[in-house]
Each structure stands twice: as structure tokens, then as C-alpha cells.
Amino acid sequence: MYNIFMSKNIKFGTEGWRAIIADEFTFANVELVTRAIVNYIRNTYSEDMPVLIAYDTRFMANKFALKAAEIVNSLGLNVLITDRDTP
């Protein structure tokens, strides 16, 4: 498990998460954000619907998406992940 307390600040802009890969955009921060999203989903939507995770063509995007999918699944929600980049 990643030490989420060592994560840097996470900043969101109008087009989503603003970060440099391996600096602020890390697996630890992906875990932190994914857990927050799962909490939001649980409080806002039915847990019967799957969570869809897609990714773009940026470096290691598929690895970050897979990590997010593993976390969502480990927290008990059904998850679907695209098999290729799907911006």
C-alpha cells in the first residue's frame, strides 16, 4: 500500500487534474483521489452500477488507470476499464 500521507498537494483545474507525472501525479496520489471518488460515488449514486475507468495516451496512463481500477474493486464496487486509450 502506498503511504498516502507523503503525497503532495493535488490540484484540479477546469480540465481536470493538473500535475506532473512522478512529481504530483503518482500512484500514491492516484490512490488518494480514487478513494475520494469512491466515497463520493457511495454517497451520490447506486453501488449497483459499475464504475467505468478510461485513459488517454499520456505516459503510463494505462498503468495509472489499472491501479485506480484495482482500488475501486478492492473497495467493493464493480469496475470496468477500457482495453485501450479512450480519451
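Going from the N terminus, the elements of this protein line up as β-β-α-β-α-β. The model is a predicted one, and its secondary structure adds up to 2 helices and 4 strands.

## Overall build

Let's start with the whole chain. A compact globule of 87 residues would be expected to have a radius of gyration near 12 Å, and the protein comes in at 13 Å, which agrees. Boxed along the principal axes, the C-alpha atoms take up roughly 35 × 30 × 30 Å.

Of the 87 residues, 28% are buried. The surface that the protein exposes is about 6300 Å², with carbon and sulfur atoms supplying 56% of that area. As for contacts with a separation of 6 or more, 62% of them join residues 24 or more positions apart.

On the charge side, there are 9 positive and 10 negative charges, and their mean positions sit 5 Å apart.

## Salt bridges

How many salt bridges does the structure hold? The count is 3, and here they are with their N to O distances.

| Acidic residue | Basic residue | Distance |
|---|---|---|
| Glu31 | Arg35 | 3.0 Å |
| Glu47 | Arg42 | 3.5 Å |
| Asp56 | Arg58 | 2.4 Å |

Take the Glu31 and Arg35 pair. Both residues belong to helix 1, which covers residues 27-44, and they are 4 residues apart, or about one turn of the helix. Is Glu31 buried or exposed? Its relative accessibility is 3%, so Glu31 counts as buried. A cut-off helps here: buried means under 20% relative accessible area. Arg35, on the other hand, has 27% relative accessibility and therefore counts as partly exposed.

In the pair made by Glu47 and Arg42, Glu47 is partly exposed at 37% relative accessibility. Arg42 is partly exposed as well, with a relative accessible area of 33%. In the remaining pair, Asp56 meets Arg58 through their side chains, and Arg58 is exposed because its relative accessible area is 57%, the bar for exposed being over 50%.

## Three residues and their surroundings

Now for a few individual positions, beginning with Val30. This residue is part of helix 1, and with a relative accessible area of 5% it is buried. Which residues does Val30 contact once its neighbours within four places in sequence are left aside? They are Trp17, Phe25, Phe64 and Ala68. Trp17 falls within strand 2, which spans 16-18, and Phe64 and Ala68 fall within helix 2, residues 61-74. Leu77 is another story: Val30 and Leu77 are 47 residues apart in sequence, and their C-alpha atoms are 17 Å apart in space.

Ala19 sits in the loop that leads from strand 2 to helix 1. At 31% relative accessibility, Ala19 counts as partly exposed. Not counting residues up to four places away in sequence, Ala19 touches Glu24 and Phe25. Phe25 also turns up in the list for Val30. Looking the other way along the chain, Ala19 and Asn9 are 10 residues apart, with 9.5 Å between their C-alpha atoms.

Leu80 takes us to strand 4, residues 79-81. Its relative accessibility of 48% makes Leu80 partly exposed. Where does Leu80 find its contacts, leaving out residues up to four places away in sequence? It touches Pro50, Val51, Leu52 and Ile53, and strand 3 covers 51-53. Leu80 and Val38 are separated by 42 residues in sequence and by 14 Å in space, C-alpha to C-alpha.

## Two backbone oddities

Two loop residues are worth a look for their phi angles. Ala22 is not a glycine, yet its phi is positive, at about 75°. Ala22 lies in the loop between strand 2 and helix 1, and at 66% relative accessibility it counts as exposed. Ala19 is in that loop too.

Met60 is the other case: it has a positive phi of about 65°, again without being a glycine. Met60 belongs to the loop between strand 3 and helix 2. With 27% relative accessibility, Met60 counts as partly exposed.

Technical notes
Residues numbered from 1 in each chain as written. Predicted model: local features only at pLDDT ≥ 70, side-chain atom pairs only at ≥ 80, totals over all residues. Heavy atoms only, no water. Rg over C-alpha atoms; globule rule 2.2 N^0.38 Å. Buried < 20%, exposed > 50% of the residue type's maximum accessible area, 1.4 Å probe, protein only. Contact = heavy atoms within 4.5 Å. Areas by Shrake-Rupley, 256 points an atom, 1.4 Å probe, with all protein chains shown as cover. Lys, Arg positive; Asp, Glu negative; His and termini not counted. Charge placed at Lys NZ, Arg CZ, Asp CG, Glu CD. Salt bridge = Lys/Arg side-chain N within 4 Å of Asp/Glu carboxyl O.
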